[in-house]
Amino acid sequence: MDMTTWSLKKWIAFGLLLVLTFFASLLTIELLPGVHFIFTTIILFIILYYFGVIPALITALISGVHLFYLWDSIFGTLSLFLEIFIVGTLYTYIRRNLVFWDILYNLTLGAMISFVFSFYFLSYGPVDSVLIMLKQTVNMIVNILLANFLIILIESIRSKQVNKPVSLFEILFTLFSLFFLVPLIVFLIHTGKNEMKQVQETMNMEIEYASNTSNLQITKFQSQHVTPLSKLANFLQDNNNKQLDVQREFMIVQQSFPEFQLVYAVDSKNKKIAHHARNAFKFYDTNAYQFNSNTQLERPEYISNLFNSQVNSKDRKFISIAYPFWHQNLSGKVIGIIKPVEYLQILHQSTKGTNAESVIIDELGKVIASTTNQFRTGDTYVVSKNTLQKSEIFLTNQRISSLQQLSTISYVEEKTLGENYPWKVATIVSMSDYNTQLYNTYIQLLVVALFSTFLAVVLSFFISNWLQKELNNVLLLTNNLTENITSNEKIDWPHSLIKEIFYLIAAFKQSEIKLKKLFQENIATKLDLQYLAHYDPLTNVYNRNYIMKNINELIEHSPNSVNFSVLFIDLDRFKIVNDTVGHRIGDKLLVEVAERLREINDNNLLISRIGGDEFIVVVPSYDEVDSLSKIANEIIESLNQSYHVEGNEFHLSASIGISVYPDDGKDVHTLIKNADIAMYAAKDNGKNTYEFYNSSYNSVTSKVEMENELRHAIERKELQLFYQPKVNIASGEIVGAEALIRWIHPTYGFVSPADFIPIAEETGLIIPMGEWILEQACKDLFIWNTNRTKNISVSVNISMHQFLNENLLKSVENAINLAKIDPTLLELEITESVAMFQPEIVIEKLKNLKNKGITLALDDFGTGYSSLNYLKMLPIDVLKIDQSFIKDMDHADTTIVRSLIEIAHSLHMTVVAEGVETKSQLNYLQGVHCDLFQGYYFSKAIPQEEFLKLLRIFK
């Protein structure tokens, strides 16, 4: 891996891991002194996994510094470096599991390298080398498993970001392996420490035993040999004893205690008084020992330091025991000479059956006797740096870097014999005497641990594989679940003894049942969708998409000599039916229309409903144009027949536009557009008729084009408000105006409201259009009343869609607030059909508007089905008489008009007559006390600028 291409984030991660490696190298667990479990490779393997071999080797060399300090050898560093290099290379180029390669390395090459290094390069014994090899193998296997566990944790966190899943087998294998190995290692460390503690206790006990026994035996020996000397001293203090008797007593003592090489007495001037010896004078000079001071005479007894006696050029070492005597004229000491070997025998007996060694040291630090080859008689007693005090046996802070150092460690206890015996006895125990026992125990434990490790890894592999196999079986079945369900095959789910997998399989079984049900529902839905893709769900005739597909197929497969035709049918004033009696009855009428179209299908006509009250009939082939006229007439005649729905009778008419292929278009969109244009021409010709498409109709826009243009009309300011004045009949004053929407298109010119208002209502554009009309009318009203002494009002028409919209009240309030006008000057007009729709809702909305101070008007009254009783319930202020009653007033119409005016006045309503065009009409209305009028007699609807001029004239 090229470290020069690393990002800053990667360098930071590597730096953190490098620091963690250092701290991990400090974390060691002592198996026994000189043998440690290390955890450095845990972090090294993580670096190897994420960063590659080179960064891992660099980190291994850096962390190896601490291992060199720990073990006092380069073995740890080299072993670490080789393991990372070999395992990393295998993992990089063969890309198998990292755990696999490390376990394989440590069981084979790693174990051999460990033994060879220990035995040949570090000069360890075979037992020591085997111990280190076993420890190293177990240690490294545990480390790779711990490293893999940490890698899995890291990957599980990273998987949310990099969308990289973690292997279930690796998770299970690592967890199971650690589950077996971690308790095993804890047991191994615990057992090892207990074994070491037992060895320490044994050492302590043997030192204590050997030391106490040596002291006791030496003290006993001294006491036994002081007693006869004290008797001789007492004998010399008796003046009546003769010299012959003295000699005899000395002989008896010497013979009774053969340990004495010589027994003699000297006076204070070191002059020999008496003696007895067995050839002792051949090698002992009585002048060799001199009293150092008179204080020695004051002691009841005295043991000398080791001293030399040279006779015949031979230097020999002795110990003397002196006992003082004195009487009137004579004082001195009785002295017994003993060879140091006598004390050596005591030491051998005292340490028998133990691993302890004992050394007797005089006051001057000279060795009198020693059971260890480390010291000889006469040597100066000096302990080595590896000899520790007995009190340090149980100390845990001793730094022991290697097994070799452990073998050189000894523990010593030094005890003084007593006040009259200034010697010390040093009892020494060496760790080397216990190493074999200790190492054999550890080797047995490590062999068991290694075997258990191998068994745990193998067992974990098979358990993980078994669990994964069960899950794989389930996954294989779930992978083919949809295929099995779609083919209606029975799924043979496996049985598992594992509770979680058992429940997982149970959940999949339930999912299978639900999926089968969903699949069946999906098939049904698919069939429904296929039906909906081709048919209109209300009328069961073809829908827009399918009829267009059929027309395309006719275009593609029709020979040039075969013509077909498209008939575009629109029901006249069908919207009034919907607004009056509701969509439910309107839908039933549409179903009846479709049925009637099917009944005249004698020419294999293709019938479709493309939306609302619009139908398309395709004539696949025809001979003459007259046959198309015949079909159109049949359709019109059939649709003109009365309809009976829920006890009500309805009359409908239809306008039909006809386009023919290929004369009127060579693609589906052109054919439909031109048929639509022809249909509008039929409507312009009085409706309830048909028209063939003619190129002269190009000035008439189609409904689709009109919709697209209408969406941009407000943005382009193509819509304008025209105002038709409302005049007080009695005074002739202009008291208000009705706002009427006009569309001046830059291409089509003036577009009739009868053409675009229905489209606006059908597409929902009537809502934003109505809000714009309200806001603009209120703004214009504010301008009208500026500088006027008497305010006038403005009336705005509210469509069915706008009235039923839940935001109507909010829109009205916004318009009033923006223009800052008096709400009583705003008049809202609703048609009779709106007032009849859901009376409870209508009345509630009217009351809410009324409460805001807004004037309410009922427009086109008399053209619908409202009753006078219902009129009384409406909170209406103004009643507008439809122009149809005013236009050609005969006797009957004048009676109706007079009656309407009288009824409205009785309900305290203002009456407005619409469509007044003649003086006679105005005179009649004045005669029947009509309040206001509007119509061409006074003024047609005019733009804002002209209306302002008119206001100035009639100010």
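Among contacts in this protein between residues at least 6 apart in sequence, 65% join residues at least 24 apart; contact here means heavy atoms within 4.5 Å. The model is a predicted one, in which local features need pLDDT of at least 70 and side-chain atom pairs count only at pLDDT 80 or more, while totals for chains, interfaces and linings use all residues. Residues are numbered from 1 along each chain as its sequence is written, and side-chain values use heavy atoms, with hydrogens and water left out.

**The whole chain**

Start with everything displayed as a cartoon. The secondary structure comes to 31 helices and 30 strands. These elements are DSSP runs numbered from the N terminus, helices being H or I runs of at least four residues and strands E runs of at least two.

Switch to a surface. The protein exposes about 47400 Å², and carbon and sulfur atoms supply 55% of that area. Accessible areas come from the Shrake-Rupley method with a 1.4 Å probe; for residues, only the protein chains shown count as cover. Of the 955 residues, 49% are buried. Buried means under 20% relative accessible area, exposed over 50%, and partly exposed in between (1.4 Å probe, protein chains only).

**Stop 1: helices α4, α5 and α6**

Two packed helices are described by the angle between their axes and the distance between the axes. Axes are lines fitted to C-alpha atoms, for helices over the stretch in contact, and angles run from 0 to 180 degrees between N-to-C directions.

Select residues 75-94, which form helix α4, and residues 98-107, which form helix α5. Their axes lie 9 Å apart and make an angle of about 135°. The two helices are therefore oblique to each other. On this scale, angles under 35 degrees count as roughly parallel, over 145 as roughly antiparallel, 65 to 115 as roughly perpendicular and the rest as oblique.

Now show side chains. On the α4 side of the contact are S79, L82, E83, I86, V87, L90, Y91 and I94, and they meet L98, W101, D102, Y105 and N106 of α5. By class, this contact has 9 nonpolar, 2 polar and 2 charged residues. Ala, Val, Leu, Ile, Met, Phe, Trp, Tyr, Cys and Pro count as nonpolar, Asp, Glu, Lys and Arg as charged, and the others, Gly among them, as polar.

Keep α4 and add residues 109-121, helix α6. Here the angle is about 160° and the axes are 11 Å apart. That makes α4 roughly antiparallel to α6. The residues to pick in α4 are F75, L78, L82 and I86, which meet L109, I113, S114 and F117 in α6. The contact of α4 with α6 has 7 nonpolar residues, 1 polar residue and no charged ones.

**Stop 2: K333 and E342**

Go to residues 331-338, strand β8, and pick K333 within that strand. Is K333 buried or exposed? K333 is buried, with a relative accessible area of 0%. Add N270: the C-alpha atoms of K333 and N270 are 8.8 Å apart, although 63 residues separate them along the chain.

Next select E342, in helix α11 (residues 341-351). This glutamate is also buried, at a relative accessible area of 15%. Which residues does E342 touch, not counting those up to four places away in sequence? They are F221, E259 and Q261.

**Stop 3: three loops**

Select Y661 and P662, which are joined by a cis peptide bond with omega of about 5°. P662 lies in the loop between β19 (654-661) and α20 (668-684).

Move to N688, in the loop between α20 and β20 (690-692). N688 has a positive phi, near 55°, and is not a glycine. With a relative accessibility of 31%, N688 counts as partly exposed.

K717 is in the loop between α21 (703-713) and β21 (719-728). Its phi is near 60°, again a positive value in a residue other than glycine. K717 is exposed, with a relative accessible area of 72%.

**Stop 4: V912**

Finish at residues 910-914, strand β28, which holds V912. V912 is buried, with 1% relative accessible area. Leaving aside neighbours within four places in sequence, V912 is in contact with K726, V878, L879, K880, I881, L932, F933 and Q934. For a distance to draw, pick the C-alpha atoms of V912 and A857: they are separated by 9.4 Å, and the two residues are 55 apart along the chain.
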